[in-house]
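Student: I have a model open and want to go through a few local details. Can you take them as I ask?
Tutor: Go ahead.

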Amino acid sequence: MILTVTMNPSIDISYPLDELKIDTVNRVVDVTKTAGGKGLNVTRVLSEFGDPVAATGLVGGKLGEYLVENIDDKVTKCFFSIQGETRNCIAILHGENQTEVLEKGPEVLEQEGQGFLAHFEKLLDNVEVVAISGSLPAGLPVNYYAQLVKIANNAGKPVVLDCSGAALEAVLESPHKPTVIKPNNEELSQLLGKEVSKDLDELKEVLQEPLFVGIEWIIVSLGANGAFAKHGDTFYKVDIPRIQVVNPVGSGDSTVAGISSGLLHKESDAELLIKANVLGMLNAQEKMTGHVNMANYQALYDQLIVKEV
């Protein structure tokens, strides 16, 4: 089973409008509300793919109850309750534009943060892979993900970590390393304090920087150019076909689902990289975030090429 961790989940509310009118009333006919957050996108894709998945994280209040109720019953739900109220995140879709209103979320008390660490450790008895995604809520220390990684490492569970900024930097600077990270070019540039291009030779050099020592897998999305990856001392380039992109939001989360699935099934490097990229592309072909149409999986899978570089 794969355990997904979403520390700052949300109720994602979508308001589709033909036109957003300012300083007046906008009436919405077709409203959708889903359990949101990067880790829950990973959860949804794994469930659709057919892998066993459990979801955990912090939830609070009536919105927290609503969130848990709106997760598919095929998912094992093992969330940790806090006093604060789970947040709403609103996306207003108007024409070809998307305007977002994102609540900050609850402030987590110190004892709640400590309580979740103990809760997380107990959950590891029944899982094989851990996927940690998204931002940390207010109140938790910047090294909180490093603490989760340490606990998972002690239990012998591989960790796929998808976060950015100070939280990622704190993990990379700690002695406790995740199995996989998947930074993009912008995140690499931010971490290293210099511009990082998509040139393969430059990426090879960058991924051998001291900051990344001890990370078994580093997978870098190159958008329409596919992906570049380092596994141990081996480098790979993933070539992908052109597709019609409908909604790219959540494609990175879908890629995390594929990576986690590859680790669960102990697949070869090529199989893991192809699966991860196919699931990311399938998400991009759908309107709904964190959703894949498995009917298109094999046809797309057969078109990807992984080569050692």
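Tutor: One term before we start: a residue counts as buried under 20% relative accessible area, as exposed over 50%, and as partly exposed in between. Also keep in mind that this is a predicted model.

Student: Fine. Then is Asn-70 buried, exposed or partly exposed?
Tutor: Asn-70 has a relative accessible area of 37%, so it is partly exposed.

Student: Where is Asn-70 in the fold?
Tutor: Asn-70 sits in the loop that runs between helix H2 (61-69) and strand S5 (76-77).

Student: What does the side chain of Asn-70 reach?
Tutor: The backbone oxygen of Tyr-66, at 2.8 Å. There is also a long-range neighbour to note: Ile-11 is 59 residues from Asn-70 in sequence, while their C-alpha atoms are 9.5 Å apart.

Student: On to pockets. How much space is in the second largest pocket?
Tutor: The second largest pocket holds about 230 Å³. Its lining has 14 residues, and those closest to the centre are Arg-44, Asn-70, Ile-71, Asp-72 and Met-288.

Student: So Asn-70 again. Which elements give two or more residues to that lining?
Tutor: Strand S3 (32-36) and helix H1 (38-49). The largest share comes from H1, with five residues.

Student: And how does the lining of the second largest pocket divide by residue type?
Tutor: Five residues are nonpolar, four are polar and five are charged.

Student: Switching to rings. How many aromatic pairs are there?
Tutor: A search of the whole structure gives five. In one of them, Phe-116 and Phe-120, the ring centres are 6.3 Å apart and the planes are at 25°, so this pair is stacked.

Student: How are Phe-116 and Phe-120 placed along the chain?
Tutor: Both are in helix H3 (residues 110-123), and because they are four residues apart, about one helical turn separates them. Phe-116 and Phe-120 are both buried.

Student: What about the rings of Tyr-297 and Tyr-301?
Tutor: Their centres are 5.6 Å apart with the planes at 40°, so that pair is tilted. Tyr-297 and Tyr-301 are four residues apart in helix H10 (residues 297-301), so about one helical turn lies between them.

Student: Is Tyr-297 buried or exposed?
Tutor: Tyr-297 is buried, given its relative accessible area of 10%. Together with Phe-49 and Tyr-301, Tyr-297 forms one aromatic cluster.

Student: Next, cysteines. How many disulfides does the structure hold?
Tutor: Zero.

Student: Why does Cys-163 have no bond to the closest cysteine sulfur?
Tutor: The closest cysteine sulfur is in Cys-89, and because it is 18 Å from the sulfur of Cys-163, it is too far for a bond. The cut-off for a disulfide is a sulfur pair within 2.5 Å.

Student: Is Cys-163 buried or exposed?
Tutor: Cys-163 is buried, with a relative accessible area of 7%. Cys-78 is buried as well, at 14%.

Student: Last topic, the backbone. What is phi of Asp-23?
Tutor: Near 65°, which is a positive value in a residue other than glycine. Asp-23 is in the loop between strand S2 (10-17) and S3, and it is exposed, with a relative accessible area of 78%.

Student: And what is phi of Lys-266?
Tutor: Lys-266 has a positive phi of about 50°, and it is not a glycine either. The loop between helix H8 (251-264) and helix H9 (269-284) contains Lys-266. With a relative accessible area of 73%, Lys-266 is exposed.

Terms used
Residues numbered from 1 in each chain as written. Predicted model: local features only at pLDDT ≥ 70, side-chain atom pairs only at ≥ 80, totals over all residues. Heavy atoms only, no water. Buried < 20%, exposed > 50% of the residue type's maximum accessible area, 1.4 Å probe, protein only. 1 Å grid on protein atoms, 1.4 Å probe; cavity = no way out; pocket = protein on both sides within 12 Å on 5 of 7 lines; lining within 4 Å. Points joined across faces, edges and corners; volume = space filled by probe spheres on them. Nonpolar A, V, L, I, M, F, W, Y, C, P; charged D, E, K, R; others polar. Polar contact = N/O pair within 3.5 Å; in protein donor to acceptor, adjacent residues only side chain to side chain. Phe/Tyr/Trp six-rings, centres within 6.5 Å; stacked < 30°, edge-to-face > 60°.
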